[in-house]
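Colleague: Could you walk me through one part of this model in detail? I would like to look closely at the nonpolar core and the pieces that build it.

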Amino acid sequence: MDKHQLNDHRTILLRYALLQLHDEAVAEDAVQETLLAALQTGDSFRSESAVRTWLIGILKHKIADHYRAAERHYSLGDPTSEDKDDPSAALEQLIFDGKGHWIGAPSAWNNPDHALEQGEFWGVFEWCQKNLSEQHARAFMLREMVGLETEEICQDMAISHSACRVYLHRARLGLRECLEQRWFTTKRTS
Amino acid sequence: MPGTTLVYYQENIMKTCKDISELLSESMDRPLTWRERWTVRVHLLMCRHCSRFQNHLNFLHKAAERYYPNKR
């Protein structure tokens, strides 16, 4: 394990840490500590994906340490618990009818790239993301923001491959629906 | 082969928008098989709703990628 190899994983680790810690400086520290710890052990791995899984494992401990030290009573919740009473299972029934046709068909979005340049859009994006079920949002963020592969998400969240697929799909359906209603439909007139 | 054509024809007409939306979502996470790609492609030729959905998925991906730099 050399420094260059570790640095390649840095970006993904940092995004992962940001997802949990919401503070850039704290996240940087946690990643730094992770990389140091990794360098010290110097284990060798056959594949790149094994390295990443291992690094994320260390990082998770660092993040847990942070919460333990900073806020003794802070509850991380149980990240492995699956939604038993899944509210967004109903989402699909609102979007598709019994025959699998769109009910509220996707509309044409007016100049979506322009939205990315607007500060206000990101507020709506975050709002929509928070509106998803926690598990679905997490799967989506790990995939699209952190950049993990589906396999890694299954491991991270301790869910089956099919659950992972469903979470990602529902997160996308929900996020798309929300952005359409909260941003693209309302903004079109302006 | 006429047989193969029939198989694809049947598969395509049996896929609903719901099925196609799932495949489109999965295509963001893994390469679709040759057959899946065909199914999606034929469906998209006929269905502008699912075509839009595909555009929107790409947009979500782009937005998510930009999310962190935007926080800085």
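Modeller: Happy to. A helix here is a DSSP run of H or I with at least four residues, and a strand is a run of E with at least two, numbered from the N terminus. Read that way, chain A of this predicted model runs α-α-α-α-α-α-α-α-α along its sequence, which comes to 9 helices and 0 strands. Of its 190 residues, 31% count as buried. Among the contacts in chain A with a separation of 6 or more, 70% join residues 24 or more positions apart.

Now to the core itself. The largest nonpolar core holds 46 residues, and those touching the most other members are Ala17(A), Val31(A), Leu59(A) and Ala139(A). From chain A, at least two residues each come from α1 (3–21), α2 (24–41), α3 (48–70), α6 (119–131), α7 and α9 (161–187). Chain B takes part as well, through its α2 (17–26) and α4 (48–71), each again with at least two residues. The most generous element is α9(A), which gives 9 residues. Domain 1 (3–70) and domain 2 (89–187) of chain A both contribute, so the core lies between them.

Ala17(A) is a good place to zoom in. Setting aside neighbours within four places in sequence, Ala17(A) is in contact with Ala27(A), Ala30(A), Val31(A), Leu59(A) and Ile63(A). Two of these partners, Val31(A) and Leu59(A), are themselves listed with Ala17(A) as touching the most other core members.

Ala139(A) takes us to helix α7 of chain A, residues 134–146. In this helix 10 of the 13 residues are buried, so it is largely enclosed by the rest of the structure. Besides Ala139(A), the buried set includes Phe140(A), Met141(A), Leu142(A) and Val146(A), but also Gln135(A), His136(A), Arg138(A), Arg143(A) and Glu144(A). After α7(A) comes Gly147(A), with a positive phi near 95°.

Finally, the chain B side, since helices of chain B supply part of the core. Here 24 residues of chain B are in contact with 25 residues of chain A. On the chain B side, α2 and α4 are the elements giving two or more residues, and α4(B) gives the most, with 15. By type, that side divides into 9 nonpolar, 6 polar and 9 charged residues. The elements of chain B that supply the core, α2 and α4, are thus also the ones named for the side touching chain A.

Key: Residues numbered from 1 in each chain as written. Chains lettered and ligands numbered in written order. Predicted model: local features only at pLDDT ≥ 70, side-chain atom pairs only at ≥ 80, totals over all residues. Buried ≥ 20, exposed ≤ 12 C-beta atoms within 10 Å, placed from the backbone. Contact = placed C-beta atoms within 7 Å. Core = buried A, V, L, I, M, F, W, Y, C linked by C-beta atoms within 7 Å. Domains from an automatic or database assignment. Nonpolar A, V, L, I, M, F, W, Y, C, P; charged D, E, K, R; others polar.
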